[in-house]
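The following exercises are to be worked through with the sequence and the model at hand. Each task is followed by a stepwise solution.

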Amino acid sequence: MFLLLLFVIFLHIVPIVLLFVSTIDSSWWVVESNVTDLWYSCHIYKEEWKCNDINYKNEDAEWIQAVQALMILSVIFCCCAFFAFVCQLFTLKKGGRFFITGVLQLLACACVLTAASIYVGWFQPQHLPSSGPGYSYILAWVAFTLTFLSGIIYCFLRKKE
């Protein structure tokens with residue numbers, strides 16, 4: 001039983017870390033010598049990286065703000081799910097299920113799915129075929145998979161004493 005508890009906690013901590021890294025770090029899309037983040041757009045200028053804030057005055061800027069908000073929401077939902085799990089671990093009756101934790105994890109999963117889909121749907125058509133996703137974008141999809149898996153596990157997990 002202790003190993004199952006450690007596995008569930010590990011399966012919850014890893015997506016939290018991945019979501020933090022993918023939200024904060026600066027490599028969602030790579031185009032030749034340019035890197036585009038959720039917060040900055042960086043390029044190499046005279047052999048140095050130069051980063052600029054994203055221009056929100058553009059009429060197409062709503063999509064990047066939606067992605068930013070959804071990624072922040074996914075981090076919040078995932079952290080709240082962990083705290084709910086710890087609370088339910090000590091307060092749930094024997095045989096009870098971790099529904100609240102599972103629902104919060106599935107909400108985090110839905111936010112990541114929506115954010116990554118919006119990002120690739122709006123960003124990829126604007127760039128050359130030689131461009132590709134950065135590691136932060138890939139980490140977001142890995143976090144999506146892990147939050148979905150842990151959300152399903154929490155919905156069926158029963159407390160035993």
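**Exercise 1: the surface patch**

Task: Determine which helix gives the most to the nonpolar patch.

Solution. H1 gives the most, with three residues; helices are DSSP runs of H or I with at least four residues, numbered from the N terminus. The model is predicted: local features need pLDDT of at least 70 and side-chain atom pairs pLDDT 80 or more, while totals for chains, interfaces and linings use all residues. Residues are numbered from 1 along each chain, and side-chain values use heavy atoms, without hydrogens and water.

Next, list the members: Ile 13, Val 17, Val 21 and Tyr 135 together have about 310 Å² of accessible area (Shrake-Rupley method, 1.4 Å probe, only the protein chains shown counting as cover). Patch residues have over 30% relative accessible area and no salt bridge (a Lys or Arg side-chain nitrogen within 4 Å of an Asp or Glu carboxyl oxygen), and nonpolar side chains are joined within 5 Å.

Finally, place Tyr 135: this residue is in helix H4.

**Exercise 2: the cores**

Task: Identify the helix with the largest share of the largest nonpolar core.

Solution. The largest nonpolar core (buried nonpolar residues joined through side-chain atoms within 4.5 Å; buried means under 20% relative accessible area) has 27 residues. Helices H1 (2-24), H2 (62-91), H3 (99-123) and H4 (135-156) each supply at least two of them. The largest share, eight residues, comes from H2. A second, separate core of five residues includes Val 8, Phe 85, Phe 98 and Tyr 154.

Key:
Buried means under 20% relative accessible area, exposed over 50%, partly exposed in between (1.4 Å probe, protein chains only). Helices (H or I, at least four residues) and strands (E, at least two) are DSSP runs, numbered from the N terminus.
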